[in-house]
Amino acid sequence: MTRVVVVGHGMVGSRLAEDLVAADPAAEVTVLGREPVPAYNRVLLSGVVAGTTAPDLLALAGPPHPRLRVLTGVAATDVDRAGRLVTDDRGGHHPYDRLVLATGSAARVPAIQGVADDRGLVPGVFVLKDLADATGIVAAAAGARRAVVLGAGVLGVEVATGLAARGLAVRVVHLGERLMDRQLGWEASQVAVASLRRLGIAAHTGASVAGVVTHRGRLSAVRFSDGLEAAADLFVMCTGTVPETVLARRAGLACDRGVLVGEDLATDDPHVFAVGDCAQPPAGATGLVAQGWEQARHLVAMLSARDSVAGMPTHDVVRVKASGLSVVSMGVSGDFDREDPRYRVLSLKDPERGRFVEVVVAGSRLAGATCLGDAEVGATLSALYTRATTVPDDPAMLMVRALAGGGAAPAREPADLADADRVCTCNSVSAGAVRAAVRSGCASAAEVSAATRASTGCGDCRSVVEALVATTAIPADPTADHEEPPVPDLVRSES
Amino acid sequence: MTAPHDRREVGPPAGGPTATHCPYCALQCAQTLTPRASGPLPVEVTARDFPTNRGGMCQKGWSAAEVLAAPDRLTTPLVRRDGVLGPATWEEALDLVHARLAAVQAEHGHDAVAVFGGGGLTNEKAYTLGKFARVVLRTPYIDYNGRFCMSSAAAAANRTLGVDRGLAFPLADLGGAGAVLLVGSNPAETMPPLVQHLAGARSRGGLLVVDPRRSATAGLTADGAGLHLAPVPGTDLVVLLALLHVLVDEGLTDTAYLAERASGWDEVRASVSRWWPERAEQVCGVPAPALRRTARLLAAAAPAHGGPGAYVLTGRGMEQSTQGTDTVSAAIALAVALGLPGRPGSGYGPLTGQGNGQGGREHGLKSDQLPGYRLVADPDARRHVAAVWGVDPADLPGPGVPAVELLRRLGTEGGPRALLVHGANLAVSAPHVGAVRAALGRLDLLVVSDVVPSETARLADVVLPVAQWAEEEGTMTTLEGRVVRRRRAVPPPGDARDELWVLRELARRFGHDLGDDPRAVFDELARASTGGKADYSGMSYDRLDAGEALYWPCPADRPEGTPRLFADGFATPDGRARLVAVDHRGPSDDVTPERPVHLVTGRVLHHYQSGAQTRRVAELVDAAPEPLAELSPLLAADLGVADGDRVRITSRRGALEVRARVTDTVRPDTVFLPFHWADAHSANLLTTDATDPVSGMPEFKVCAVSLARAALPAVPVPHEVPA
C-alpha cells in the first residue's frame, strides 16, 4: 500500500484523491479539508451570489471509497518531512509515503482603512473565496440597496452582474485603466464598460478605495481614493488571490509566490507534490481550475505509475459567467503589442450592440482571441483555440456568427422554386415533377403524391406540394399535355 | 388478455397481395407486395399504413423491388477454383465447405472457425446461425455487424436500466411530447417516415437536435420548431453532462422520481458539477446560453414540471465512439434526472438502425449472448438453452469476442482461420477497412452467403446464393421492440435458397439436425427465450398473422406483451435505475496540427449501410451516384476547392479521393463523408478501429484527417452499378 496524504479538499484536491484511488489499487488516500464541508464547486460561487446556483447543489465529492478517507473541518498544521508525518489541528497524525499539497489560495485583502477589525472583516464587507463568503453575501444582499465591488477582474465582474441581477445598484471600482485588464485590451474594455452600464452597473476605472465608513459597526459608505464617498450596504473585494503556502513554508519547502514545483509537480522534496492554486509550476500558474485538474490528472498518472503523461496542455480560456454579459478571452489578449510582427490582429467593434471581437493569428493558428457580446462566436473561437486547428485564410471569417454551423437556410416560397429544385428529399421529387403531375391532371396533393411519391416519406413537404398544386397553371386543354405522364422524377444532383 | 389487433397486419389470402415490411431499416415500414405478371420486376411495392410509418415510405422502400431483380443477383453457388469464382452445384459447394471447415477444426480446434452475422437477418435466421455456431461448430467466435450499430446503446441500457429493447415505448407515443432531444441521430434521412412522429414536439418548439452538422433533422428545428446544437465532433458527452449540470444548478430535476426510482444519483450529481456550461462550451463549442436553453426546454416539457412529456433519443452519432457507452449512460441519466423513463408520454430510447439489429442480438448473434437476451457466461442461461437444444451445457462454448477483436484475430496465430459471413459486407462496413481486407486475405477459408456479389462475397472462396426479404418467411423485431412478420411474395430466383436451408444442410453434414421451417424455428426460439429478458414465449406466427401487436417481453403467462416498459420499475435487481457517473475522455484519434479536421461519417437518404443493395437500384444511384465529402465554404476556400472538385482525405490509416460538396451545413473544422461506397471510395479506409472498452463499438464517427485538393483533374466516377 502507498499512503498518500492530500492537504486540501477543494476542486483539485478532491479530484486528485478520487481519481487516485480509482486508478491505483495500492493507494490509500487521506484528505484533510480545512472547510467544514466536503469539496464543492468554487467556480460557481459567483452563481450563488447571482442567485442562479443553489449553494447546496455545488457538491463535488464523489461516493465513499474504502481506500479514501476524507476529514472535513480538519486543518493540517505541520509537516515533519524527515518523519513523513502530517499533524492536524485536532492533534491527529497522518503518516505518508507521498504528500500532495492542494491548499489552494486565499482571497487577497487589500490594505484599506476600516475594512477589518480584530474580529475580521467588518459586517457588510466581504471577499468571495468560499461557500461561507457566498452565503454571507447573499444574506447581506437581501436587505441591501447599494453595493460596491472592488476589482473588475473576472470574479469582480461576475459578482457585480450577480448583485445587479438581485436588484442592487452596483458600482465597480477598478484600479487598472481597463476592466479585466489581464483579459481585455482598451477597446474591449470600453465595450465592457458600456455593457455593464446597460445592466445598471457603473464602472470606475483607474480608481481605488481608500477606506470604508462604518455606522454602529456596520458598513455605511465607501470612500474612494479621490475623496468622494458613496453610501453602500455591501462592499465586496475581488482583488485577486494569494497562494496558500503557510504550511509549505513552515515545512521548509521552497516557495516563491506559490510552492515551487517542477514539470513533474514535485517540490524540492521528492516525496512532496503541489497542485492547483498553491503551486507555482515553471510556466506559471493561470489561476484557472482547468490547469489544476490537468495537474491532478498528470499526478495521478505518475503516482499510479500507469503511464507517463507527456506534457500538460493547459488552456487559458477565460469565460465570464454573467447573465447579460458574454465575455470570452484566450491566449494572446489584453494588453499586448498589437504591432508585434508575429501576429496578425483583426478586430470588430460594435459598441452599439455591446459586441467586440478580436482574433490574433500566428501563422495558421489562433494565438489568442477576445470576444464580447456574442456567445456563439466566442464558443466557436474557444473550440478552435483549444484544439489548435487551422484558422481560415481570411481570419475575418471567424468573427461573425454564421460559422458556428450555419443558420437556417432561407426558405423559398413554393412559387419561386425552380423546376430542378428538390421538393421531396425522401423520394427525390423535384418541383418540376410536381408541376408536371398537376398539369397532367392531378388536382390535389394526395393525387400528386400517388403519382410522384412526393411527401410519402417524412411528409414534411406536403405543404409545399399543396402550394405547388394551388399555384401551378393548368393548361386550358388538359388533353393537350398528355404526352408527359407523371413519373417519379430522378434528379441528378442538388444543383 | 390479448394485445391490440392491427387488422392491416393480418396474414394475406393466398395468391393475393402480400403484407410485409421493408427490407431496410428498423422502422420496418409496412409494405404491400403485389406480384407482377410481366415486366422487369417481380413485385410492385406500395406503402401500407402502420403505426411506425403511417403510410409513409422513403425512396429506398419504394424502389426495393429492384434489388430482387438485380442484374448480378446470385442465383447459383460459386466456388473459387484457380483463383476464380465459378458456378458449382449446392452439393459441391456445401460438401466443400463442410470438408474444409472440418479439416480446419481437426487441425486447429473448434475455435479456428468464426461466424459473422448481420442485423438484417430475420429472428429465425439469427437464432439458427447462433445455434449453428455454438452447437454445430462449437466455436465461441460469433458476432455480428449490430456490434457496429447498437452495442453502446445496449451496454448502457443494460447496465443502467437492466434491459435493452431499443425504444421502451411505441414510437407513436412521441407525438404528444413537448420536447424531444435527439442526440446524434438523423432520422429525416435515415428513417424519414419517423419524422411524422416529431410533429407534436416541433409544433411546441421542442425539437432539440444535437449534431455537428445541420442535418436534415437539425434543419427541422428551424422557424421556432426547436434548437439545433452543433458540438465539435466527439463531444456529445460534454453536451449531455452540461445539460445535467444545468438541471442540477437550476433545481430542475425530478427529485421525487430520483429518490424513488434511481440509485447513483449523488455520484452523477457530483460528477456533473465539473461541467458548468461555460467550461463545457470550451470543449464542445456549444455556447453556454444554448446549453441552458436546451436544458430548460426539456425540463419544461417534463411531467415533473407539468409539461406534456419529454423524450431523450440517441443515435449512432454519439454511440459510435470510444466513449459511446458512457455517452449513452449520460443520456439515460439525463432522462432519469427529468423523471422520464416509465412515465406515460415520456422516456428514453435509442433509435435502432438495422432492420433486425434488435432481434439479432436478442437471439444469439452477439458474442456474449444466448437466445432470449441471456448471457453466455450465466450457468442458468446455459442450462436452459442447452436443454432446448438437446446438448450438454458444458459443450456450449463460452463468450467470444466483439466484432472488431474477432476481425483482428482472423488468420493470426491462434485466431480463427475460417469465417462464415451471413448478411454482412465487412469489406465495406467494418472500421479501418484496409486492415479488415488484409485479415480476410489471411483466412484459409471465407464463405459468404449473400444475395448479390458484395465486395466481401467477391473475396470469398465459396459464395452461397440466398433468399432475401420478399422471398422469405420470418419475423423482425422493430426499433420499438415489436415483432412483425416478414412474408414471402415470390420465390427466390434460380438456385438461391433460404439461409435456414443452407444452415440445415451444412449442419446435416456435421451430423446435426437443424430445422429450416421458419414457423417451427420461431416456436423453438420462443421456447429458448422463455424466462429470458427478451421473452417471446407467448408469441406465435398464428398470433402475429392474426394481426396482434406484440411487444416483448411477451411470456406465455402474460401473452398481451409489453408495449411500454418500466411503468412499475426497471429491470434491475432492486427495480431502480443504476445511474453511472461518467466523464469525457475525448476521441481516440483527435485532431492535431498535421490532421486538423474532424472526419464524421454517416448516411445519406438514398443509400443503406454498405450499399450492397441500394447501389444496385438505378433511381437511388441516380439520386446519389457517388460519395460527396461535405465541407464548409470556409474550409473549401482554404483548400482552394470548389463545389464538385475532388479532394484527397488522409487519416492515419488510409486515404481516398472523392468529390467535394461545399455546404454551410457542416462546421468549418469538420468534413462529412457517407460510408455507403466501396473500394477506393470506402469511408472506412479512413476510420479508426479503436473501440469502446465496454461495448466494443468502433469509433466510426470521429477521427482526424487532413484534406487537400486532389492533384489530378476530375475524372468520371464509375457508378459502381454492375452492367
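How many Å apart do the C-alpha centres of domain 2 of chain A and domain 3 of chain A lie? In this predicted model, the separation of these two centres is 29 Å. The assignment for chain A gives domain 1 (2-105 + 242-303), domain 2 (116-239), domain 3 (326-404) and domain 4 (414-481). Between domain 2 of chain A and domain 3 of chain A, 13 residues of the former are in contact with 14 residues of the latter. On the domain 2 side, these residues comprise 5 nonpolar, 4 polar and 4 charged.

Chain B is likewise divided into domain 1 (7-68), domain 2 (78-149 + 356-551), domain 3 (151-350) and domain 4 (597-709). The C-alpha centres of domain 2 of chain B and domain 3 of chain B are 35 Å apart. The contact between domain 2 of chain B and domain 3 of chain B involves 9 residues from each. The side belonging to domain 2 of chain B is made up of 2 nonpolar, 3 polar and 4 charged residues.

The contact between the two chains draws 51 residues from chain A and 51 residues from chain B. Within the chain A side, helix 8 (residues 375-387) is the largest contributor, with 10 residues. By class, the chain A side of this contact holds 25 nonpolar, 18 polar and 8 charged residues.

An open sheet of 5 strands occurs in chain A, with the strand order 3-2-1-7-21 and parallel pairing. Its edges are strand 3 (68-72) and strand 21 (272-274) of chain A, each of which pairs on one side only. The average turn between neighbouring strands of the sheet is 15°, direction ignored. Strand 2 (residues 27-33) of chain A runs parallel to strand 3 of chain A and is joined to it by 5 bridges. In this pair, A:Leu32 faces A:Leu71 of strand 3 of chain A. Helix 1 of chain A packs on the sheet and touches strand 1 (2-7), strand 2, strand 3 and strand 7 (98-101) of chain A. The direction of helix 1 of chain A makes about 165° with that of strand 2 of chain A.

Helix 1 (residues 11-23) of chain A also packs with helix 7 (residues 289-303) of chain A, at an angle of about 25° and with the axes 9 Å apart. Angles under 35 degrees count as roughly parallel, and helix 1 of chain A and helix 7 of chain A are therefore roughly parallel to each other. Their crossing is right-handed. Residues of helix 1 of chain A in this contact include A:Met11, A:Leu16 and A:Leu20, while those of helix 7 of chain A include A:Trp293, A:Ala296 and A:Leu303. The contact of the two helices has 11 nonpolar, 1 polar and 3 charged residues.

Antiparallel pairing is found among strands 15, 16 and 17 of chain A. Strand 15 (residues 209-215) and strand 16 (residues 218-224) of chain A are paired over 6 bridges, with A:Val209 opposite A:Phe224 in strand 16 of chain A. These two strands form a hairpin with 2 residues between them, and A:Arg216 in the turn has a positive phi of about 50°. Strand 16 of chain A pairs further with strand 17 (residues 229-231) of chain A over 3 bridges, and A:Ala221 stands opposite A:Ala231 in strand 17 of chain A. Strand 16 and strand 17 of chain A also form a hairpin, with 4 residues between them. In that turn, A:Gly227 has a positive phi of about 95°.

Terms used:
Residues numbered from 1 in each chain as written. Chains lettered and ligands numbered in written order. Predicted model: local features only at pLDDT ≥ 70, side-chain atom pairs only at ≥ 80, totals over all residues. Contact = placed C-beta atoms within 7 Å. Nonpolar A, V, L, I, M, F, W, Y, C, P; charged D, E, K, R; others polar. Pairing = 2+ DSSP bridges. Axes fitted to C-alpha atoms, helices over the stretch in contact; angles between N-to-C directions. Parallel < 35°, antiparallel > 145°, perpendicular 65-115°, else oblique. Left-handed = near helix turned anticlockwise from the far one by under 90°. Domains from an automatic or database assignment.
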